[in-house]
Amino acid sequence: VYLDGAGFGDHTVVIAMGIDTEGRKHILGLREGATENAPLVTDLVASLQDRGLVIAPRALFVLDGAKALRKAVRKAFGARAEIQRCTVHKLRNVLSYLPPQWHGEARRRLQAAWGMTSYDEARAALSSVLAWLQGLSEAATASLAEGFEETLAVHRLGVRGALRRTLQTTNPIESAIDIVRSHARRVKRWNGSSMVLRWMGSGLVRAEQQFHRVKGHRAIPSLVAALEAQALTERKDLA
């Protein structure tokens with residue numbers, strides 16, 4: 001499940017998109033508000049549950065790092081939610097705290113770490129980046145440390161290749177939002193939430209018509225098996 005927010009005038013719309021076991025994308029729901037806050041996201045997640053979204057025994061949520069999104073997912077699904085943080089957003093955030101002359105090297109090191117095949121290799125490489133950043137910027141170090149493990153969720157689940165690249169970022173849902181923006185490009189004034197939701201709804205319908213199965217979809221059954229095994233291990237540990 002992907003969750004992301006988009007601004008339209010003074011309005012914020014949070015969108016949920018799911019990927020099924022065959023790799024097909026589906027718009028699950030949306031909510032509109034003044035800001036991307038926790039109550040707004042919680043309301044969206046609750047509405048998904050009310051309309052039959054079942055997370056059992058465990059599911060992967062891909063988020064951009066917004067605290068409101070993470071808080072709502074944890075509140076609704078607890079330990080059943082495995083969270084993958086978007087590595088593109090994390091990279092941008094780390095770079096924002098570094099002098100420009102270090103951007104190229106930081107980008108190279110981070111992308112190399114997240115590109116490692118196994119979880120152990122990726123974690124070791126990312127730890128090395130963390131140590132390197134400590135000599136450059138406390139803020140950049142803190143940024144990478146926050147959500148460190150959540151940037152490695154797909155590695156921990158053994159996801160590789162094209163599917164891992166798909167699930168490491170929020171690009172799939174952002175592509176849908178880009179289609180909505182193109183659909184509404186001639187709108188100059190947003191007159192109330194009803195107008196925003198009408199345009200969002202029609203734009204997302206148009207986006208769904210252009211959806212293709214995600215890259216690496218043949219590996220999704222292995223991901224589902226890894227999530228189920230993880231949930232089983234946790235139940236045994238609790239017992």
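Is Gln84 buried or exposed? Gln84 is buried, at a relative accessible area of 0%. The legends below describe a predicted model.

**View 1. Gln84 sits in strand 5.** This strand covers residues 81–85. The relative accessible area of Gln84 is 0%, under the 20% cut-off, so the residue counts as buried.

**View 2. The side chain of Gln84 makes polar contacts with backbone atoms of Thr151 and Val154.** The backbone oxygen of Thr151 is 3.2 Å from the Gln84 side chain. For Val154, the partner is the backbone nitrogen, and the distance to a polar side-chain atom of Gln84 is 3.0 Å.

**View 3. Residues distant in sequence surround Gln84 in contact.** Residues up to four places away in sequence are left out. Leu60, Phe61, Val62 and Leu63 are among the residues touched. Glu150, Thr151, Leu152, Ala153 and Val154 also touch Gln84. Leu167 and Gln168 complete the list.

**View 4. The protein chain around the site has 11 helices and five strands.** Its radius of gyration is 19 Å, and the globule rule gives 18 Å for 239 residues, so the chain is as compact as a globular protein of that length. The C-alpha atoms fill a box of roughly 50 × 50 × 30 Å along the principal axes. Of the 239 residues, 45% count as buried. Among contacts between residues at least 6 apart in sequence, 61% join residues at least 24 apart.

**View 5. The accessible surface of the protein chain is about 12,200 Å².** Carbon and sulfur atoms account for 51% of this area. The chain carries 34 positive and 23 negative side chains. The centres of these two sets are 5 Å apart.

Methods: Residues are numbered from 1 along each chain as its sequence is written. This is a predicted model: local features need pLDDT of at least 70, side-chain atom pairs count only at pLDDT 80 or more; totals for chains, interfaces and linings use all residues. Side-chain values use heavy atoms; hydrogens and water are left out. Helices (H or I, at least four residues) and strands (E, at least two) are DSSP runs, numbered from the N terminus. The radius of gyration is taken over C-alpha atoms; the globule rule is 2.2 Å times the number of residues to the power 0.38. Buried means under 20% relative accessible area, exposed over 50%, partly exposed in between (1.4 Å probe, protein chains only). Contact means heavy atoms within 4.5 Å. Accessible areas come from the Shrake-Rupley method with a 1.4 Å probe; for residues, only the protein chains shown count as cover. Lys and Arg count as positive and Asp and Glu as negative; His and the chain ends are not counted. The place of a charge is taken as NZ of Lys, CZ of Arg, CG of Asp or CD of Glu. A polar contact is a pair of N or O atoms within 3.5 Å; within protein, one must be able to donate a hydrogen and the other to accept it, and residues adjacent in sequence count only if both atoms are side-chain atoms.
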